[in-house]
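Student: I should like to examine how the terms applied to this model are justified. May we take them in turn?

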Amino acid sequence: MNVFNSLTRSVEEFVPASAGNVGLYTCGPTVYNFAHIGNFRAYAFEDVLRRVIQFNGMKVKHVMNLTDVDDKTIRGANAAGVALTDFTRTYKNAFFEDLKKLNILPADVYPAATDHIPEMIDLVSKLIEKGVAYKSDDGSVYFNVRAFPGYGKLAHIDFDNQRTGARCAADEYDKENVGDFALWKAWEDSDGPVGWDSPWGRGRPGWHIECSAMSMKYLGETFDLHTGGIDNLFPHHENEIAQAEAATGKPFVRTWMHCAHLKVNGEKMSKSAGNFFTLRELLEKGFSGREIRYVLINAHYRQGLNFAFSALEDARKSLARIDACVEKLAALAGGASADSASAPFAAEALEGFTAAVNDDLNIPRALASLYDLVRMSNAALAKELAPAGAAAVLAAMKRMDEVLGVIFFGKAEKVDVPSEVSALLEERATARAAKNWTESDRLRDAIASLGWAVKDSREGQSVTKL
Ligand code: AMP
Ligand code: ZN
């Protein structure tokens with residue numbers, strides 16, 4: 001398995017430090033709002049990465065942090081006049097629901113920053129002891145970038161052209177403003193009730209120290225893989241390296257990977273630009289989680305992706321083609337066990353697929369192998385394909401879907417049925433079991449009035465959107 005390492009700026013073979021076991025840290029959401037599909041491009045890329053590692057037979061320990069205290073969450077909570085934890089809880093829960101909709105595998109640990117303040121204070125203390133951090137007059141603590149010789153190695157910063165001795169209190173800034181960054185921020189009026197006691201007085205951690213402290217806690221001082229969107233590379237990841245390596249004297253992360261942005265009309269999709277769609281907005285417009293997932297993964301992760309509704313329409317058509325093929329294959333296969341000799345093209349397609357995903361996660365090429373398989377299966381189905389051959393094709397598709405997570409192997413389209421409709425369906429199942437046909441028909445009408453059509457078959461009821 002080869003991947004592009006942002007640290008060395010080259011494609012390398014990915015080999016974990018401990019054979020077969022991978023430590024993966026992915027920067028998680030800042031829970032001050034609903035995540036937008038630009039954020040989900042990063043999480044979908046990380047999901048595909050994790051699935052490809054697992055596809056190659058390795059185990060993954062996946063840690064994703066929740067940034068529940070920073071400049072933005074504090075501003076949001078105080079503007080809403082609620083406690084920080086109450087404010088962030090809504091968005092944490094929404095985030096987990098959204099991940100499910102996109103069929104993104106859950107991480108093993110979701111550490112929240114506010115649960116790890118002591119670990120952050122320890123790390124800041126260590127950095128002061130090592131002489132790379134200092135307390136400023138207002139009670140904040142800054143990292144002295146000049147005291148860490150490796151500073152700039154990830155972002156390839158040319159120090160000669162940078163300002164020196166400047167300080168930056170904000171969590172986010174660009175390369176023009178490189179300077180000493182805040183590890184601990186002294187309490188100020190705008191923080192309201194948010195703050196923790198520390199050896200330097202009341203305050204709160206900077207955003208960057210959160211990830212260094214939590215990643216090392218769960219994955220050790222050196223671990224295999226750390227990822228995020230490309231905007232995380234500088235300053236966030238650069239600062240994470242500085243904090244961790246200055247404290248431990250060991251290399252922090254072996255491989256760094258970053259995905260390019262999801263854009264709208266050529267501009268990064270972002271909250272601040274206002275050009276974003278939340279996942280919820282797209283679901284409300286009638287697109288399904290898997291259609292959205294398909295669009296997000298169907299571009300190479302290092303290439304910019306322009307969001308367009310036409311791509312969602314195309315995804316619907318592409319998935320329908322796969323569904324139709326799967327349905328025919330399933331009908332033919334019945335309970336037959338797979339015999340690859342009856343469909344040699346399946347193994348060939350799977351080989352192409354495997355080579356593509358192992359070539360720096362080339363999902364567009366991997367999908368091309370899946371479409372080759374669909375085309376060849378349709379041709380074989382039209383001529384003659386043995387049930388064992390159909391089963392072999394289905395097995396190959398299931399293997400591909402371990403990475404893709406978009407194929408539906410049931411008979412009908414998997415839809416996200418609203419809870420109101422599911423409740424009525426349950427009532428209707430009870431009515432039908434009691435042979436109460438009047439009630440059953442009444443419930444059918446009630447479901448129709450919510451915009452869903454019920455179909456009865458031997459397997460039970462199913463619904464489709466009207
Ligand atoms: P944030 O909540 O802003 O810290 O972002 C969470 C994740 O989403 C990070 O990995 C960001 O790099 C990523 N991200 C934010 N905007 C975009 C975008 N338009 N395209 C891709 N990734 C993004
Ligand atoms: Zn982070």
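Student: What do strand 1 and strand 2 form, and how many residues lie between them?

Tutor: Strand 1 and strand 2 form a hairpin with four residues between them, and Arg-9 in the turn has a positive phi of about 55°. This is a predicted model, in which local features need pLDDT of at least 70, side-chain atom pairs count only at pLDDT 80 or more, and totals for chains, interfaces and linings use all residues. Residues are numbered from 1 along each chain as its sequence is written, chains are lettered from A and ligands numbered from 1 in the order in which they are written, and side-chain values use heavy atoms, with hydrogens and water left out.

Student: How do you know that strand 1 and strand 2 pair?

Tutor: Two strands pair if DSSP finds at least two bridges between them. Strand 1 (residues 2-5) and strand 2 (residues 10-13) have four bridges, in the antiparallel sense, and therefore satisfy that criterion. Val-3 stands opposite Glu-12 of strand 2.

Student: Why is Cys-27 called buried?

Tutor: Buried means under 20% relative accessible area (exposed is over 50%, partly exposed in between; 1.4 Å probe, protein chains only). Cys-27 has 6%, so the term applies. His-236, at 1%, is therefore buried too.

Student: What makes Cys-27 and His-236 donors of the zinc ion (ligand 2)?

Tutor: Donors are N, O and S atoms within 2.8 Å of the metal (3.2 Å for Na, K and Ca); water is not among the atoms, so sites may look incomplete. Cys-27 (SG), Cys-211 (SG) and His-236 (NE2) coordinate the zinc ion (ligand 2) at 2.0 to 2.2 Å.

Notes:
Helix = DSSP H or I, 4+ residues; strand = E, 2+ residues; numbered from the N terminus.
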